[in-house]
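Please read the following walk through a single protein chain with the model open beside the text. The account begins at a pair of strands and moves outward from there.

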Amino acid sequence: MKNTAVFVGSFDPFTIGHHDILRRALPLFDRIVVGVGVNEHKQCMYSAKERVERIAALYADEPKVVVEQYCELTVDFARRHEAGFIVKGVRSMKDFEYEREQADVNRQISGIDTLLLIASPALASVSSSVVRELLHYGKDVSAFLP
């Protein structure tokens with residue numbers, strides 16, 4: 001595809017914030033590959049397989065979305081899919097600084113640009129880590145999951 005992007009993260013779990021970013025990015029690209037990152041240094045609540053299956057089920061009726069796991073550099077994942085862009089969501093200035101640094105390095109080593117989408121204000125406080133903590137304490141998190 002001439003206009004492909006990758007949307008990457010650990011997505012542990014995939015929240016309404018992630019869903020909002022992907023929904024807003026869809027009109028911009030012919031195809032978006034959701035890359036579920038596998039990081040051996042990160043303790044995840046759900047296996048990569050479970051995360052891929054849940055996200056794929058959510059977008060089963062959206063032919064522009066492909067979901068797969070990856071354990072390589074994001075730019076290598078993007079190159080493998082011939083993606084011209086990396087899509088990331090930003091909730092705060094802290095997120096922005098981190099993502100800006102990553103975007104700069106990714107562009108330097110690959111020429112691939114990153115599109116940063118600002119979180120919708122109503123969703124800016126939703127994060128996977130908050131959802132995991134609520135789950136740990138037995139709270140209902142359905143309002144935070146698509």
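In this predicted model, T4 has R31 of strand β2 as its bridge partner. That bridge belongs to the pairing of β1 with β2 (residues 31-37), which is parallel and runs over six bridges. Between the two strands comes helix α1, and together β1, α1 and β2 form a right-handed β-α-β unit.

Strand β1 also pairs with β4, again in the parallel sense, here over three bridges. V6 of β1 has I86 of β4 as its bridge partner. Strand β1 thus has pairing contacts with β2 and with β4.

How many of the residues of β1 are buried? Six of the six residues in this strand, which spans residues 4-9, are buried, and β1 is described as mostly covered. The burial applies to both faces: T4, V6 and V8 lie on one side, A5, F7 and G9 on the other, and all are buried. T4, the residue bridged to R31, and V6, the residue bridged to I86, sit on one side of the strand together with V8.

The helix of the β-α-β unit carries a small group of charged residues. D20 forms a salt bridge with R23, with the closest N and O atoms 2.5 Å apart. D20 also forms a salt bridge with R24, where the closest N and O atoms are 3.0 Å apart. The spacing along the sequence fits the helix: D20 and R23 are three residues apart in α1 (residues 16-25), so about one helical turn separates them. R24 and D20 are four residues apart in α1, which again means a separation of about one helical turn.

Are the members of this group buried or exposed? D20 counts as buried because its relative accessibility is 8%, and the cut-off for buried is under 20%. Its two partners are in another class: R23 is partly exposed, with a relative accessible area of 45%, and R24 is partly exposed at 27%. The acidic residue D20 is therefore buried, while it is bridged to R23 and to R24.

In the model as a whole, the count of salt bridges comes to twelve. One of them joins D95 and R91, with the closest N and O atoms 3.1 Å apart. D95 is buried, at 17% relative accessible area, whereas R91 is partly exposed, at 37%. Further along the chain, salt bridges link E97, R100, D104, R107 and D113 in a network.

D95 leads into helix α4, where it is one of the buried residues. The helix has 18 residues, 93-110, which at 1.5 Å a residue should span 26 Å; the end C-alpha atoms are 25 Å apart, in agreement with that expectation. Which residues of α4 are buried? They are D95, E99, A103, N106 and S110. These residues cover an arc of only 70 degrees around the axis, so they lie on the same side of α4. On the other side of the helix, M93, K94 and Q108 are exposed.

What covers the buried residues of α4? The cover includes α3 (74-80), β4 (85-90) and β5 (113-118). Strand β4 therefore appears twice in this account: in the pairing with β1 and, as part of this cover, against α4, whose buried residues lie on the same side because their arc is only 70 degrees. Just after α4, G111 takes a positive phi of about 80 degrees.

Two valines in other helices complete the walk. V52 is found in helix α2 (residues 48-58) and counts as buried, at 15% relative accessibility. Leaving aside neighbours within four places in sequence, V52 is in contact with V36, V67, E68 and Q69. For one of these, E68, the separation along the chain is 16 residues, while the C-alpha atoms of V52 and E68 are 6.0 Å apart.

V130 is found in helix α5 (residues 128-136). This valine is partly exposed, with a relative accessible area of 37%. V141 follows at a distance of eleven residues along the chain, and the C-alpha atoms of V130 and V141 are separated by 9.5 Å.

Notes. Residues are numbered from 1 along each chain as its sequence is written. This is a predicted model: local features need pLDDT of at least 70, side-chain atom pairs count only at pLDDT 80 or more; totals for chains, interfaces and linings use all residues. Side-chain values use heavy atoms; hydrogens and water are left out. A salt bridge is a side-chain nitrogen of Lys or Arg within 4 Å of a carboxyl oxygen of Asp or Glu. Buried means under 20% relative accessible area, exposed over 50%, partly exposed in between (1.4 Å probe, protein chains only). The expected span of a helix is 1.5 Å times one less than its number of residues. The arc is that of the directions from the helix axis to the C-beta atoms. Contact means heavy atoms within 4.5 Å. Two strands pair if DSSP finds at least two bridges between them. A crossover is right-handed if, with the strands pointing away from the viewer, the path from the first strand over the helix to the second runs clockwise.
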